[in-house]
Amino acid sequence: MKKLIVFMVGLVAVMTLAACGRGQVHIGIVLPTNEEPRWVQDEQRFRDLLDETSYNVEILFSEGSSATERSNVESLIAQGIDVLIITAHDGGAAAAAVELAKAEGITVIAYDRLITDTDAVDYYVTFDSVAVGEAQAQYLVDQAEGTGNPLYLYAGAASDNNAFLFFEGAWNILQPKIADGTFYVVNSSQAVALQDQAELTRDQMANIIGQITTDWNFNTAMNLADAHLTNASAADKGDVFILAPNDGTARAIANTFEDDTEITSYLITGQDAEIASIQYIIDGRQSMTVLKDVRVLVQEAFNMAINVLEGNTIETTGSYHNGEIDVPSVQAEVLVVDQDNVIEAIIESGYWDEDEFELE
Ligand code: BGC
């Protein structure tokens with residue numbers, strides 16, 4: 001026993017020294033995965049801001065795992081952070097991790113994805129996700145002529161609250177156009193059963209999302225699209241419309257539809273303005289994306305963190321209910337990008353460098 005105590009005291013001393021050597025970390029940032037360009041971009045854009053501050057910031061990725069996410073949070077707590085900026089891998093599962101932080105007096109900022117069913121979230125910095133879904137759906141509606149157009153629906157991961165917000169936005173715009181016969185849904189019996197209902201409950205949305213979820217995973221998206229096309233009749237093909245929730249899944253789904261000889265043309269949505277999808281838009285393989293300017297979001301989150309550290313008042317503009325509390329929020333706007341404005345919105349604006357693309 002004595003030996004153990006001596007060992008533990010020694011261990012604590014070593015750990016403290018290690019912490020002192022690197023200095024206290026003030027702001028901890030936890031991002032869900034570096035397997036998706038979206039979050040690698042957020043990391044880079046956060047790093048671009050670090051020169052502006054003398055505060056110590058540490059950025060960790062959770063490898064698409066709630067367990068890793070929790071150990072990331074624990075490690076940041078041990079390094080003395082005062083503010084945690086976190087994009088949850090799974091919005092429900094992350095509650096336990098942020099409750100640990102909250103119990104240490106750390107200010108918790110949910111970044112892009114809301115953490116649900118807990119009072120341990122202080123602020124939410126996000127894009128207008130309902131507007132993202134509305135913009136995607138509006139794009140499809142604007143290009144559809146006549147009636148009886150086949151519509152394929154896809155959604156994000158059910159563990160991500162944003163998947164519900166995107167779908168809610170899309171449903172707001174698509175539902176009247178399904179009800180009036182402009183579109184018919186090919187690949188979700190749940191959506192068909194609910195097509196006369198303008199507003200869906202969370203459970204009803206979960207039922208639809210359960211049938212059309214990509215899990216934010218490219219392979220899942222591809223396999224799902226493949227299965228839908230295998231089951232579809234010739235009449236469900238031809239000129240089709242596809243609601244894809246983000247760029248990564250849009251490319252996977254587009255590739256699958258391109259390979260089907262009975263598909264004459266397809267319109268497909270996306271979001272994130274990922275470099276690969278901008279190239280797809282230039283090449284006419286993806287119809288649109290929604291630019292969510294990550295520079296704006298990192299700046300908002302960063303300013304908020306600094307204000308917390310300096311004891312300033314935090315300005316918020318709205319709130320989101322997370323199932324337990326109303327979380328005060330700051331919200332950034334989004335922009336539709338397609339072939340018509342891609343050069344101006346993406347390259348001339350300096351969002352991505354021209355060298356990244358092959359322009360015709
Ligand atoms: C984000 C999207 C992203 C998706 C998959 C969502 O929560 O808002 O920008 O494409 O997760 O990572």
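These legends describe close-up views of the ligand site in a predicted model.

**View 1. The ligand in its cavity.** The ligand sits in the largest cavity. Its surroundings consist of 13 residues. Among these 13, the ones that come nearest are Glu36, Asp112, Arg113, Asp160 and Asp272.

**View 2. Polar side chains at the ligand oxygens.** In the side chain of arginine 113, an N or O atom lies 2.8 Å from an oxygen atom of the ligand. For asparagine 246, the distance from a polar side-chain atom to an oxygen atom of the ligand is also 2.8 Å. Lysine 292 has a polar side-chain atom 2.9 Å from an oxygen atom of the ligand. Taken alone, the ligand would expose 310 Å², and the protein buries 100% of that area.

**View 3. The kinds of residue in the shell.** Sorted by class, the shell around the ligand holds 7 charged residues, 3 polar residues and 3 nonpolar residues.

**View 4. Helices and domains that build the shell.** Two helices, H2 (37-49) and H6 (161-179), each supply at least two residues of the shell around the ligand. Which domains does the shell draw at least three residues from? They are domain 1 (2-121 + 293-332) and domain 2 (129-292 + 337-356), and each gives at least three residues to the shell.

Definitions and conventions: Residues are numbered from 1 along each chain as its sequence is written. This is a predicted model: local features need pLDDT of at least 70, side-chain atom pairs count only at pLDDT 80 or more; totals for chains, interfaces and linings use all residues. Side-chain values use heavy atoms; hydrogens and water are left out. A residue is near a molecule or strand if one of its heavy atoms lies within 4 Å of it. A polar contact is a pair of N or O atoms within 3.5 Å; within protein, one must be able to donate a hydrogen and the other to accept it, and residues adjacent in sequence count only if both atoms are side-chain atoms. Accessible areas come from the Shrake-Rupley method with a 1.4 Å probe; for residues, only the protein chains shown count as cover. On a 1 Å grid over the protein atoms alone, a cavity is a set of points where a 1.4 Å probe fits but cannot get out, and a pocket is an open set with protein on both sides within 12 Å along at least five of seven lines; lining residues have an atom within 4 Å of a point. A molecule sits in a cavity or pocket if more than half of its atoms lie within 2 Å of its grid points. Helices (H or I, at least four residues) and strands (E, at least two) are DSSP runs, numbered from the N terminus. Ala, Val, Leu, Ile, Met, Phe, Trp, Tyr, Cys and Pro count as nonpolar, Asp, Glu, Lys and Arg as charged, and the others, Gly among them, as polar. Domain bounds come from an automatic or database domain assignment.
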